[in-house]
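Reader: Please go through this structure with me in questions and answers. Start with the terms and the conventions.

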Amino acid sequence: MVRTYNVTTRAAPFSSLMVADIGDVHVNLYNVADSCRRIREAYQRIMAAGCVPLTLGGDHTITYPILQAVAEKHGPVGLIHVDAHTDTGEQALGEKIYHGTPFRRCVEEGLLDCARVVQIGIRGSSYTPDRYEFCLEQGFRIVLAEDCWLKSLAPLMAEVRQQMGDGPVYLSFDIDGIDPSFAPGTGTPEIAGLTTAQALEIIRGSRGLNLVGCDLVEVAPVYDQSGNTALLAANLLFEMLCVLPGVKPY
Ligand SMILES: [Mn+2]
């Protein structure tokens with residue numbers, strides 16, 4: 001049974017929009033480049049149909065081919081990126097496409113409106129000492145996790161709405177942005193992250209924006225036998241659905 005209403009925000013997505021689970025994109029487990037091609041082509045068809053895609057990952061690599069298809073339709077997009085990591089690396093083990101590089105590839109291909117990019121929840125350790133240099137050079141706003149500790153993120157999201165303006169916005173939410181006490185089921189957990197309540201503040205604070213797509217990535221259920229990480233991810237995706245353009249209150 002589908003839970004239809006958001007009793008806190010009074011959003012009624014299923015009676016406002018046509019919503020469908022269209023299943024999985026079948027990737028090539030032995031070839032990352034071919035997987036990206038398959039994802040890009042699938043999302044080109046989804047965008048051509050006039051849909052707003054909400055995606056459950058999958059590692060963060062998938063946002064790169066998704067944004068290729070989204071930007072092909074909408075032009076360079078604003079980005080609200082929740083993550084412990086900036087995911088703007090140049091390469092790893094000689095490979096330019098992996099879950100630590102998607103947003104650098106997006107910048108290189110002109111898929112992002114860089115003055116309308118915010119990265120929230122950044123923390124932890126890094127392979128390189130110049131971790132934020134590339135982001136700041138592009139004009140991204142970086143909000144460190146420690147600047148989020150013990151406070152409401154509603155004021156931050158008021159600023160983010162100003163930053164995003166009326167243009168198209170994509171929301172990419174890495175579950176590792178949230179503290180591993182809530183979300184241990186992920187590949188690169190980092191301590192002292194966001195709370196689940198702050199996650200809701202970020203998503204609910206995105207209401208009113210011209211959201212053209214959202215994803216929730218890096219959930220690895222096998223690392224969390226309680227199932228709580230997957231439950232959290234499903235709820236966050238529902239919250240994203242509740243803030244899409246056109247969703248009316250009940
Ligand atoms: Mn990520």
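Author: Buried means under 20% relative accessible area, exposed means over 50%, and partly exposed lies in between (1.4 Å probe, protein chains only). The model is predicted, so local features need pLDDT of at least 70 and side-chain atom pairs count only at pLDDT 80 or more, while totals for chains, interfaces and linings use all residues. Residues are numbered from 1 along each chain as its sequence is written, and side-chain values use heavy atoms, with hydrogens and water left out.

Reader: Which pattern of helices and strands does the protein chain follow?

Author: Helices (H or I, at least four residues) and strands (E, at least two) are DSSP runs, numbered from the N terminus. The protein chain has eight helices and six strands. Read along the sequence, their pattern is α-α-β-α-β-α-β-α-β-α-β-α-β-α.

Reader: What is the radius of gyration of the protein chain?

Author: The radius is taken over C-alpha atoms, and the globule rule is 2.2 Å times the number of residues to the power 0.38. For 250 residues that rule gives 18 Å, and the value for the protein chain is close to it, so the chain is as compact as a globular protein of that length. The C-alpha trace spans about 50 × 40 × 40 Å along its principal axes. The radius of gyration is 17 Å.

Reader: What share of contacts between residues at least 6 apart in sequence joins residues at least 24 apart?

Author: Contact means heavy atoms within 4.5 Å. Buried residues make up 49% of the 250 residues in the protein chain. Among the contacts you ask about, the share is 74%.

Reader: What part of the accessible surface of the protein chain belongs to carbon and sulfur atoms?

Author: Accessible areas come from the Shrake-Rupley method with a 1.4 Å probe; for residues, only the protein chains shown count as cover. The accessible surface comes to about 12,200 Å². The part belonging to carbon and sulfur atoms is 55%.

Reader: How far apart are the mean positions of the positive and negative charges?

Author: Lys and Arg count as positive and Asp and Glu as negative, whereas His and the chain ends are not counted. A charge is placed at NZ of Lys, CZ of Arg, CG of Asp or CD of Glu. For the 19 positive and 29 negative charges of the protein chain, the mean positions are separated by 8 Å.

Reader: Which residue in helix α2 meets both Arg37 and Arg38 in a salt bridge?

Author: A salt bridge is a side-chain nitrogen of Lys or Arg within 4 Å of a carboxyl oxygen of Asp or Glu, and a search of the whole structure finds ten. In helix α2 (residues 32–48), Arg37 lies three residues from its partner and Arg38 four residues from the partner, about one helical turn. The N to O distances are 2.7 Å for Arg37 and 2.9 Å for Arg38. At 32% relative accessibility Arg38 is partly exposed, whereas the shared partner is buried at 16%, and that partner is Asp34.

Reader: Which residue meets Glu90 in a salt bridge at 3.4 Å?

Author: The Glu90 side chain pairs with that of Arg104, N to O. The pair links distant parts of the chain, 14 residues apart, with Glu90 in the loop between β2 (77–82) and α4 (102–108) and its partner in helix α4. Glu90 is partly exposed at 31%, whereas the partner is buried at 18%, and the partner is Arg104.

Reader: Which residues does Gly89 contact, leaving aside its neighbours within four places in sequence?

Author: Gly89 lies in the loop between β2 and α4. At a relative accessible area of 25%, Gly89 is partly exposed. With those neighbours set aside, Gly89 is in contact with Gly100, Thr101, Arg104 and Arg105.

Reader: Is Asp87, with its positive phi, buried or exposed?

Author: Most residues other than glycine have a negative phi, and most peptide bonds are trans. Phi of Asp87 is near 55 degrees, and Asp87 is found in the loop between β2 and α4. Its relative accessibility is 6%, so Asp87 counts as buried.

Reader: What is the relative accessible area of Leu150?

Author: Leu150 also has a positive phi, near 60 degrees. Leu150 is found in the loop between β4 (141–144) and α6 (154–164). Leu150 is exposed, with a relative accessible area of 89%.

Reader: Where is Gly58, which follows Gly57 across a cis peptide bond?

Author: The bond from Gly57 to Gly58 has omega near 0 degrees. Gly58 is found in the loop between β1 (54–56) and α3 (63–74).
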